[in-house]
Amino acid sequence: VIWSIVEKNSYPQTIGVAEPWYPLIGNGLLFLGQTDVKKFQNVQKVFSAATEDLVRVYLGPKIIFLTSDVNMAQTIMTNCMEKPYLYEFLNLKKGLFAAKLPLWKGQRKALNPAFNMKILESFVPTFCVVTKNMLQRLDAIPAGETINIMEYLSRCTLEMVCATTFEFDVNDFSKVDEMLNNMEWFFYYAAKRMLKFQYHLDFIYRWTKDYREQKSVLEFVDTYGMQVYNKANEKYDKGLLTKDQNEDDIKEGFRKPQLFVNQIFTNTMRKFDREEIIHNIFTILGAGTDTSATGVSYILLQLAMYPSYQQKVYEEIMKVFPEAEPHITPESLKRLQYTEMVMNECLRLYPIAPNLLRESTEDITLCGARIPKGSIFGIGIYAIHRRKDIWGPDADRFDPERFSPERSAGRNPFAFLVFSGGSRNCLGGRYAMISMKIMLVYLMKRYHFKTKIREEDMRFHFEIILRLEGGHLVQFEKRQ
Ligand code: HEM
């Protein structure tokens, strides 16, 4: 008790402490026994108090320094590239997203080329085919029926990720819907454990119901990921994947387009061991599927809430793609400027990853205090995206014009962090934007969306991904 009081008072006034705070449990009561909605609200409340500096939140004895100040976020994201131990709860410590710095550096260098523009543009025809498969499933639904659009979109994004990064058809596998369901739980249990400080210790967690439930989710996802691994391995053994990069590739420093699956199996400059390959397969499945599907779900929901914006997006899409079967190319997608403004505005209001964590590898001076290396920092992306001093007094209102070239000029890039910032940002940001735009083109051309959900009634769960309570419920009808 004495130690925790001394510790609490050992920082200057500028680094406040979240309330309520109690010795030993710290700010535990903000989260213990609370609903997922309340946990999200409490986390946001703390971030909203950290608008100009850092606020300490204590998970038991563990401190996390939170901020929603843009300059502070920039300093942390560009100086602290390490991921804290809390990411280990995802059980993917050898995959890019959660990997410790020394491992991450080599992996990221090797995998960057798999997401360069040339490669991404070559995915456009596949994105179109897969989206059309989704339209067939949607066409089978009676007009006006209420559906959770996320269920259809996550199947679509899973198909996309598998077809483009691993070169196989997800429909060759059984239990696809079960896999999608398990992926949702996969993120849920990791986030739940992060806020329960007593569960951070393995020897305690192992005796809990959550551990048993998470284990069964992990076993399912594991079996599924292994099928992907075995299939790719089979191709590799048969020589269907390029085993070695040629001399030119090596001279180019791996900047030539390489499919992700080739990069992890055949990279000669950096060998990926079996566990790294498997963890990166899971990472891409997890990071690339639910994220883009959630993004399009929020965009459709907003368009359904605001019919006049939906009409403007529809008109722009019809202008660029007037024909019944759109001929989509990377160049034609660039002409969808208003649609892109709408997408950005939705992702500002509903950032798919609402909060991020980083760890310092050096001592760092912030708010006049020396914060020792190994400290954990939390960046409040959701809070930054709704700051009134950056986005205006109507920051909570949907207004795509905020992303017009005139109004965007001079804005700090760290004020819009949907794909994070610095060199440890999202590897698939451009992939996501291209694929989401293509989904929108087909969906807008074919259907008109409505919803009974009102913006003021939307509630979110505390998770790694911004989960909407009750789901993205929409009705749609085919356009004439
Ligand atoms: C709307 C869709 C997406 C959003 C909002 C999103 C957002 C993010 C965010 C916020 C991070 C964390 C970065 C950090 O810790 O600072 C991240 C990491 C990552 N994302 Fe995405 N992502 C999306 C789609 C994708 C897609 C489609 C892929 C791949 C196909 C992908 C692959 C990754 C990977 C591999 C990482 C780890 C990067 C690293 O640590 O080096 N993401 N993403």
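These exercises work through a predicted model, each with a stepwise solution.

**Exercise 1. The core**

Task: Find which residues have the most contacts inside the largest nonpolar core, and which helix gives the most to this core.

Solution:
- Start with the core itself. The largest nonpolar core holds 131 residues.
- Pick out its best-connected members. L66, I299, L300 and M439 have the most contacts inside it.
- Turn to the helices. Helix α13, residues 274-305, gives the most to this core, with 14 residues.
- Take L66 as a case. Leaving out residues up to four places away in sequence, L66 touches V46, F47, A50, L54, V55, V57, G378 and G380.

**Exercise 2. Strand β3 and its partners**

Task: State which strands pair with β3, and in which sense, parallel or antiparallel.

Solution:
- Look at burial. Five of the six residues of β3 (residues 62-67) are buried, so the strand is largely enclosed by the rest of the structure.
- Take β2 (residues 54-59). β2 and β3 pair in the antiparallel sense over five bridges.
- Check one pair. Y58 has I63 of β3 as its bridge partner.
- Inspect the turn. The hairpin of β2 and β3 has two residues between the strands, and G60 takes a positive phi near 60° there.
- Move to β8 (residues 376-380). β3 and β8 pair in the parallel sense over four bridges.
- Check one pair here too. F65 stands opposite F377 in β8.

**Exercise 3. The shell around the ligand**

Task: Describe the residues around the ligand and say where the largest share of the shell comes from.

Solution:
- Count the shell. There are 24 residues around the ligand.
- Name those that come nearest. They are G288, T291, S420, C426 and G428.
- Sort by type. The shell divides into 14 nonpolar, eight polar and two charged residues.
- Assign helices. α13 and α20 (429-446) each supply at least two residues of the shell.
- Find the largest share. It comes from α13, with seven residues.

**Exercise 4. Two helices**

Task: Compare the span of α10 and of α20 with the expected value at 1.5 Å a residue, then examine burial.

Solution:
- Begin with α10 (residues 209-237). This helix has 29 residues and reaches 41 Å from its first C-alpha to its last. That is close to the 42 Å expected.
- List the buried residues of α10. They are Q214, V217, V221, Y224, G225, V228 and A232.
- Ask what covers them. The cover includes α8 (176-195), α12 (260-266) and α13.
- Now take α20. Its 18 residues should span 26 Å, and the end C-alpha atoms are 26 Å apart, which agrees.
- Check its burial. α20 is mostly covered, with 14 of its 18 residues buried.

**Exercise 5. Backbone exceptions**

Task: Locate the cis peptide bond from E19 to P20, and the positive phi values of N91 and S420.

Solution:
- Recall the background. Most residues other than glycine have a negative phi, and most peptide bonds are trans.
- Start with the peptide bond. From E19 to P20 it is cis, with omega near -5°. P20 is found in the loop between β1 (15-17) and α2 (36-49).
- Next, N91. Its phi is near 60°. N91 is found in the loop between α3 (70-79) and α4 (101-111). N91 counts as partly exposed because it has 19 C-beta neighbours inside 10 Å.
- Last, S420. Its phi is near 70°. S420 is found in the loop between α19 (405-408) and α20. With 18 other C-beta atoms within 10 Å, S420 is partly exposed.
- Link back to Exercise 3. S420 is among the residues that come nearest to the ligand.

Definitions and conventions. Residues are numbered from 1 along each chain as its sequence is written. This is a predicted model: local features need pLDDT of at least 70, side-chain atom pairs count only at pLDDT 80 or more; totals for chains, interfaces and linings use all residues. A nonpolar core is a set of buried Ala, Val, Leu, Ile, Met, Phe, Trp, Tyr and Cys residues joined through C-beta atoms within 7 Å. A residue is buried if 20 or more other C-beta atoms lie within 10 Å of its own, exposed if 12 or fewer, and partly exposed in between; C-beta atoms are placed from the backbone. Two residues are in contact if their C-beta atoms, placed from the backbone, lie within 7 Å. A residue is near a molecule or strand if its C-beta atom, placed from the backbone, lies within 6 Å of it. Ala, Val, Leu, Ile, Met, Phe, Trp, Tyr, Cys and Pro count as nonpolar, Asp, Glu, Lys and Arg as charged, and the others, Gly among them, as polar. The expected span of a helix is 1.5 Å times one less than its number of residues. Two strands pair if DSSP finds at least two bridges between them.
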